[in-house]
Amino acid sequence: MTIGAVLPLKVTGSYGVDDLNRAHILFSSLDRFAEPGLFSEFYVVVPADEVGIVEQAFARWAHLGIKVLSENELVPELANYPKMRGWRKQQVVKLAIASKMQAKFYLTFDADAICLKAISKETLLPEGKALLQYEFRAQHPKWWKSSARILKMNPNVGDPAVGMTVTPAMLSVELAKKLQQEITRLHGKHWVDFLGQLHIPSSPLNWLPHRILMLKWTEYSLYYLCARKLGLLEQYHVIAGTAPYPQRLLVHESHPYEQWDTAYSFSNRCPGLFCVVGSKTFLAPAEVWAKVGPFIRADNEISNLLAATNRVQS
């Protein structure tokens, strides 16, 4: 069984960071650690005017199954919401890509993710079910309350103390589609239009308290709660970081960055498959690569690429 993957991308991402070159670090780490042929399709979804530059930049990673796709082609409804924040758009993209996937499961990525060790079908899909990692809902309580309101359900399903953590995540194509269908059914309009219309501040409808209380939804809180509502979570997922499945999709040893013990993160002593060096660090890709590159590639190809880019930008 192969899996799919999706990376929403804007050449210059949030906070003005260089996400195009940050993604080279992600792809290089996957090139090093992913089982050959793991990805049946790897969609990089970008604004329409960036398709050409991204295709050219990522041609070196074609063997990973990279397919560059325009946001407009994947989610034409987004054209109706030109002021929607990029952070919101990428959440919609991570759900909408299910319509393109041939695989039954897919990995979601952001440009700041880094693969830390070998990944395979067996690692990510033990017993044919996708890893799902918990975090405490108390970290982001509004996500769960808003998503439950959208889904018209009691949020206290399963263990109410925990919910699904953030990117990178493994999603079921079937569950992502069922979420889209559920939002459409509950609100009588296309799911993207419902979510998009919540984020038009000038609309008087959005001044109503019950609409304001829906604003803090995320793709993963919606996905997880809908799977719980439909009673399907255990059919498609197993829980990471448990005795049967000790591997974890995401670990946070890279924060704070200055104290990051990269040797530990890349070692088998660390259960994490991925980490994130977030955009808010404002670190140049070349600086991040200098820290992680020795654990990923022995040659200088990526360091030379990122160093050259860094010189041009400075």
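Okay, helix α1, residues 19-33. In this predicted model, 13 of its 15 residues are buried, so the rest of the structure largely encloses α1. How far apart are its end C-alpha atoms? They sit 21 Å apart, and that agrees with the 21 Å you'd expect for 15 residues at 1.5 Å a residue.

Now, the sheet that goes with α1. It's an open one, three strands, in the order β5-β12-β11, and the pairing is mixed. The edge positions go to β5, 113-115, and β11, 248-250; each has a single partner strand, so each has one side with no neighbour in the sheet. On average, neighbouring strands here are turned by 20 degrees against each other, if you ignore direction. And this is where α1 comes back: α1 packs on the sheet and touches β5 and β12, with its direction at about 15 degrees to that of β5.

If you want to find the β11 and β12 pairing on the screen, β12 is residues 272-276, and two bridges join β11 to β12, running parallel. A handy landmark there is Leu 250, which stands opposite Phe 274 in β12.

Let's move to another pair of strands, β2 and β3. Strand β2 is residues 39-46, and five bridges link β2 to β3, again parallel. Which residue stands opposite Ile 66 of β3? That one's Phe 42. To get from β2 to β3, the chain goes through helix α2, residues 51-57, and this β-α-β crossover is right-handed. As for β3, residues 66-70, this strand is mostly covered, with four of its five residues buried. One general thing to keep in mind while you're looking at strands: in a regular one, the side chains alternate between the two faces of the sheet.

Last stop, a single side chain: Arg 228. You'll find Arg 228 in helix α10, which covers residues 219-229. So, is Arg 228 buried or exposed? Arg 228 has 19% relative accessibility, and the cut-off for buried is under 20%, so Arg 228 counts as buried. What does the side chain of Arg 228 pair up with? There's a polar contact of 2.8 Å between the side chains of Arg 228 and Glu 234. Setting aside its neighbours within four places in sequence, Arg 228 is in contact with Tyr 134, Val 157, Gly 158, Leu 233 and, again, Glu 234.

That's my tour, thanks everyone.

Definitions and conventions:
Residues numbered from 1 in each chain as written. Predicted model: local features only at pLDDT ≥ 70, side-chain atom pairs only at ≥ 80, totals over all residues. Heavy atoms only, no water. Buried < 20%, exposed > 50% of the residue type's maximum accessible area, 1.4 Å probe, protein only. Pairing = 2+ DSSP bridges. Right-handed = clockwise from strand over helix to strand, strands pointing away. Expected span 1.5 Å × (residues − 1). Polar contact = N/O pair within 3.5 Å; in protein donor to acceptor, adjacent residues only side chain to side chain. Contact = heavy atoms within 4.5 Å. Axes fitted to C-alpha atoms, helices over the stretch in contact; angles between N-to-C directions.
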